[in-house]
Amino acid sequence: MPVLGIGRDEDGPREDVPYGEGVKGGLGVAHAAAAAVHLDDEIVEHDILVLPRGDNMRVEALAVGEGAVAEEGGVVIETRRWELQFLRIIRGVLLAGDRVVAIHGTWKRRQCCYAAYITNASVVAGKLNVHLVAHSHDDVGWIKTVDDYYDTVKGILDSVLASLQENPDRKFVEVEQAFFSRWWNEQNSSVQGVVRRLVKSGQLEFANGGWCMHDEAATHYADMIDQTTLGHRFLKQEFDVVPRIGWQIDPFGHSAVQAYLLGTELGFDGLFFARIDYQDRLRRTRDKNLEFVWEGSNTLKSDKQLFTSVFLRHYNPPKGFDYEGSGGIIMQDDPSKGATNIGERVEAFVNAAKVYANATQTNHVMWTMGDDFKYYRSAEWYTEMDKLIHYVNKDGRVNALYSTPSIYLDAKHAADQVWNVTKNDFFPYADNKDSFWTGYYTSRPVLKGYVRALSGYLQAARQLEALTGKRDHPNTDNLWRALSVVQHHDGVSGTERQKVADDYARLLAIAASEAEKSMNLAASCLAAGVSPSDCLRKNVSSDAVQCPHLDISFCPSSENITSDKPLVVTAYNPLGWAREEYIQIPVSSNALIVTDATGKAVDSQLAPISDATKKLRKLHAELDIGVIPEDETLYSLVFKAVVPPLGFSSYLVKPSKPNENGSAGNSRVYEANITDSSTEYFWYTGEVGGQNSGAYIFRPADNNPTPVTSSVWLAVEGPLYKARRRQVSPWIYEEHRLYNGETHNELEITVGPIPLDDGVGKEVIVKVKANTTSNSKFYTDSNGRDFLERVRSKQVTQPVAGNYYPVNLGIYINDNQTDLSLLVDRASGASSINDGEVELMLHRRLMADDERGVSEALDEQVCIGSQECEGLTVRRMVYVNSGPVKEASRWRRLKGQRIYSPLQLFFSTPSGQNVPKQFSMVKSGYALPDNVALLTIQELEDKSILVRLAHLFEAGEDDTLSKPANVQLKQLFWHWEIQGVNELSLSTNQDKSSMKRRMEWKVAEKSEGGAKRGARIDQKSLLVELGPMEIRTLQLTVKPKNVVTLI
C-alpha cells in the first residue's frame, strides 16, 4: 500500500515527497521504500498517510472522506468523517519507534499548501511582550454542585492534555486540586506519565495549588491553611512540585492575611487577582499602579512583602480575543475560504496590547486567555493563539508568546523596576457606585455557622486521632476534604444556588459523621484507662456518643437520666491551656446532682428552656433526624467544668435525693422591667428595582433601618448565672447570659423565619452601644488573625453598605479609656455606622436576585415533608465585652480561641458509679503560654505528627503578651517520645531550612523590618520560640510511650 510523506526544503513546501528520499530540511528517514503518492483534485481511495505526532508545522491539505479510519499504533482512534485541518507534524527526523498516526480511507485534496505557525517565541528585550496565559477558572461549586461541575472539568482536562501534546510551546495553568486530583486518580499510568512530562517541561503549571480557590472574607485562617495544605501535599507527592504563584482571581475582595500568610509564608513570589473596587481600579489604571508590592502585616512589615498584580479587566481576554462561544473573532487566514482578516486581527491585537501597556510598568503585560469553565474545546483557543503568536510576531511591533504566571513574574522581576507599596487590604469591593459586595459577608449564616463549628471540630478530632492512632476507617480525612471544598469563594461565602448550598451541607454532614465515630472510639479508649499506644491494638468498644444538636437543646442521651441510668459527661479540651468553662445540657428532671470524678458535688443550676428553643428543637430534630421530641417540661442544666490542656474531665449527673447537699439549684424566673438594654434590633429593607440586594450585594433601600422593639423581659437568676430573655418580635428572640466570674455577656440571638408577607426583603442587624467616643474609627479582624483599623467614610456612594467589613473573629471600637468588643461564632458583616455603637448583620432574606450570576433570590427555607415551607431560622452567639482598653486585646484573643475550639462533649453510661478520671497528654503542671495557640495536631501518612503553633498577638497589641513566647515540646506532648523535629513551610510542602529565597523587589517606600522571629529549634531541648504573629509548622517523629496519665 503506498505511503505519502510530507516534507519541506529551504525553497518552500513540497507535497509529494516520499519518506526516505532525503529531502533537505524534511522529516528524514521513515519506513522502508515507500512510493510517492501525488494528490490531485480527484478522490484517492485506500491510500495511507503516515505522520508523526508533534508540532510546528500545519497542514491544510486533506479532509478524510466518509468511512475513513484513523489509527495510532494500530489502534483505531476515530472513525467516520475526520477533518484534518490543522494536523501538526514534528520538526527533525522521524526515527524508528516514533509514534505515528496512520490514516487510511478516502481523502480529498483541499489545498496543496503548508503553513508553519511559529509559536516558540520567548521574551524579547526592547519590545512590548504580551504574555498569553491559558487558564480555566473552575468553581468548586456555584450554579452546579461540585460533582456536576466535575463532569465539565474532566472534559476540559482531557481536551487540554491533547492540545498540549500537539505543540510543546503551548502552556496551561491549573488551579483547583479538588478537581485535578480527582481527574488524576482516574487516569492510567500512561496518561499520568504524559502529564508528569508536561509538568516537568513547564507546559502545565500549577498556580495557587490549594484544594479550591478559597474565599478571603468569610474564611478563618485555619481553614485557609488547611485547604491549601491538602492541595500542596497532593502536588508534592505526585509531581514533586512546589507552587510559587498565588492565583486568587475571582474572590470578591482580598484580605491582608492572604498576602502575608497565604502568600509569603507559602514561599509564593507573586499574587494575581482580578476584583478590586471600581474606583480603586480607575485610580490605579491612571497611575500605572495595578502592580505593586503588598505589605499585608503591620507586625511582619517589609519582611513579608509580596509582588501583586491586578488584572486590567476581569480574568478573561480583551474583547474580541475570547473564544469557545464567548464572541471572539476568529482569524481567517485560509484564502480558499474567502477573504482573510489577518491584518485586522493583528492590528486589534497590537492596539489592545498598548492599552494594557499604558496601565502598568515595564514592557510586559499579561492577557488571561480563558474564563469560567473554558477549554472544553481547547483546540479553539490554542488554534487561535497559534495564529496570533505567528502573525503578530511576523508583524513585529509587539512580541506575543505562550506564557505562565511564573514566566511573567520572572520577566517583571528582571526588569528591575521600582514599585509602590500597598498596605492593609482590598475590602469592601464594589463594581459600580450602587453595588457593594458586602452582603455575602453574612449570606447563608447557617452554612457559615456549620462550617465554623466543623472547623474547630476537625482540629479536636485530629488531636484524639493522632494520640490514639489513625484508623483506615473511620478517620478525619473526608472531613478535611469536605471542609476544604466549602472554603471555595462561592461556598462558605453563601453566593451559590440553594441546591449547591444543600449539597455542601450534605458533604459536610457525611464527613462529620465519620469523624464523630473516630472521636467516639478515641474518647472511649482513653476513658477506659487504656494507654493511647494500645488503642488501635485493643478492641475497646465505643459507648461514648455526642450530641450535635446541643445548640437547640436536643440530646437524647441527657434527657432520660434515672437512678438506674445516670449520665457521664466527658469534656475534652482541645486547647493547650487549662480551662474552666460552663457546660449546658438539656435535661427533663429538676432534681439532679452533678459530681466530679472524685465524687465531690459540683455547683450546678437548672433553668427552664425558652419557648424559642423549644420551637427550634422540635423543628430541627424532626428535620435532621426524623424524630419529633416529646412536648414535655425541659430544663437546661448548667455546671462548670475544669478541664486540663489537651485532656478531658468527666462528670456524673444523676437524680438527687430530696434536700441533698450539692443538688442543682433551681432558677428564679420573673418578669422584669428593663429599660437600659445595650442591644437594639433593626432591619434594612433590601432594595428591589435598579440594583437589587442579593446574595452578593448589600443594597438597603433606605440607609435608616427599621427598628424592632420590645420591652417585655423575663429575668432568670440562679447560683451560677443570670439571664435576661425577651421576645423582641415574633421572629427575633434574645437571651443575655452573665456567668459568675466572667466579665463578658453571652448573647444568644434567634432570628427567623423572617417574614416576607409584606413584600419586603429584610437584612437583620443588632446594634450594641457603649459610652465611647470612637471618632469614626473601628477595627475588624482579617480572617480571624490580625485586626485592621477602619475609618468610616462619608464619601462612598452607599454610606451603609460601603462601610461594611467582614469579621471572622470580631469587631471593636474604643477611645482612650473604654473598649467595646463583639466576638462572633461565624463569619458576618459588621460596621460602626455611628460613633459609640457597633452593628452586626445577623440574617438576610431577600426578594430578588442581584444579577451577579446566581439567578435566584436569597430566600432560604425549611421544608419538612408535605408541610408548608417556612423561612430559615438562625441561632447565633455573640460575645460582648466592655471594659478598660488595656485589658481588651487579651480578652479578645483568649476568648476567641475558646470560641473557635469549644469543649467537645461525650455522653456515656458509667460502669456502676465509676467515673473516668482526668486525662491530659500534657505533662502535669505545664500549659502553653497565654499568647500561643495550638493550631494543628495531625497524624500524617508516614505516622509522623504535624504540629502548628501560632503566636496570637500582634506587635504592640499587649504590653506583655505581644512579646516572644517559648514552647517546651517535650512537656506539651508528654505521651510521646520525640525522636526528631523538622520545621516545614506553612503548607508542609517544603523544609523550612531549604526553602528557596523569595524574590526581593525594589520599592519606592522603604519600611522597617518586621518583629523578631523565633530562633532555630534545638534538637536536644526541643524549645520552640515564636515571635508576634508567627506560625511555626513542625513535623515530629514520635514514639508513643506505653503509659496513660489519669490525673
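# A buried charge, salt bridges and disulfides

Glu 176 is buried yet takes part in no salt bridge, and the nearest side chain of opposite charge, that of Arg 275, is 12 Å away. The model in which this residue appears is a predicted one. Glu 176 sits in the loop that runs between strand E14 (172-174) and helix H2 (177-185). What does Glu 176 touch, if residues up to four places away in sequence are not counted? Its contacts are Ser 136, His 137, Asp 138, Val 140, Gly 210, Trp 211, Cys 212 and Met 213. One of these neighbours, Cys 212, counts as buried because its relative accessibility is 1%, and the cut-off for a buried residue is under 20%.

The setting of this residue can now be described for the whole protein. The secondary structure consists of 15 helices and 60 strands. Of the 1047 residues in the protein, 62% are buried. The surface that the protein exposes comes to about 39600 Å², and carbon and sulfur atoms supply 48% of that area. Contacts across the sequence can also be described: among those between residues at least 6 apart in sequence, 78% join residues at least 24 apart.

Glu 176 has no salt bridge, but a search of the whole structure finds 55 of them. One is formed by Lys 304 and Glu 265, whose closest N and O atoms are 3.2 Å apart. Lys 304 lies in the loop between strand E18 (291-295) and strand E19 (305-310), while Glu 265 lies in the loop between helix H5 (256-260) and strand E17 (270-273); the pair therefore ties together parts that are 39 residues apart in sequence. Both partners, Lys 304 and Glu 265, are buried.

A second example joins two strands. In this case the side chains of Arg 737 and Glu 748 meet in a salt bridge, with a distance of 3.4 Å from N to O. Arg 737 belongs to strand E39 (residues 732-739) and Glu 748 to strand E40 (residues 745-751), so this pair ties together parts that are 11 residues apart in sequence. Arg 737 counts as buried because its relative accessibility is 4%. Glu 748 is likewise buried, with a relative accessible area of 7%.

Which other salt bridge does Glu 748 form? The side chain of Glu 748 also meets that of Arg 875, at 3.7 Å from N to O. Since Glu 748 lies in strand E40 and Arg 875 in strand E51 (residues 874-884), this pair ties together parts that are 127 residues apart in sequence. Salt bridges that share partners in this way join Arg 725, Glu 735, Arg 737, Glu 746, Glu 748 and Arg 875 into one network. Within that network, Glu 748 and Arg 875 are both buried.

The structure also contains covalent links between side chains, namely 3 disulfides. With the bonded cysteines counted along the chain, these disulfides follow the pattern 1-2, 3-4, 5-6.

One disulfide joins Cys 525 to Cys 535, with a distance of 1.9 Å from S to S. Cys 525 lies in helix H12 (residues 498-527) and Cys 535 in the loop between H12 and strand E26 (567-573), so the bond ties together parts that are 10 residues apart in sequence. The torsion about the S-S bond of Cys 525 and Cys 535 is about -95°, and the disulfide is therefore left-handed. Cys 525 is buried, with a relative accessible area of 1%, and Cys 535 is buried as well, with a value of 3%.

Another disulfide is formed by Cys 547 and Cys 555, whose sulfur atoms are 2.0 Å apart. The torsion about their S-S bond is about 55°, so this disulfide is right-handed. Both Cys 547 and Cys 555 are buried.

The disulfide between Cys 863 and Cys 869 has its sulfur atoms 1.9 Å apart. A torsion of about 115° about the S-S bond of Cys 863 and Cys 869 means that this disulfide is right-handed. Are these two cysteines buried or partly exposed? Cys 863 counts as partly exposed because its relative accessibility is 38%, and Cys 869 is partly exposed too, with a relative accessible area of 33%.

Technical notes: Residues numbered from 1 in each chain as written. Predicted model: local features only at pLDDT ≥ 70, side-chain atom pairs only at ≥ 80, totals over all residues. Heavy atoms only, no water. Salt bridge = Lys/Arg side-chain N within 4 Å of Asp/Glu carboxyl O. Helix = DSSP H or I, 4+ residues; strand = E, 2+ residues; numbered from the N terminus. Buried < 20%, exposed > 50% of the residue type's maximum accessible area, 1.4 Å probe, protein only. Contact = heavy atoms within 4.5 Å. Areas by Shrake-Rupley, 256 points an atom, 1.4 Å probe, with all protein chains shown as cover. Lys, Arg positive; Asp, Glu negative; His and termini not counted. Disulfide = S-S within 2.5 Å.
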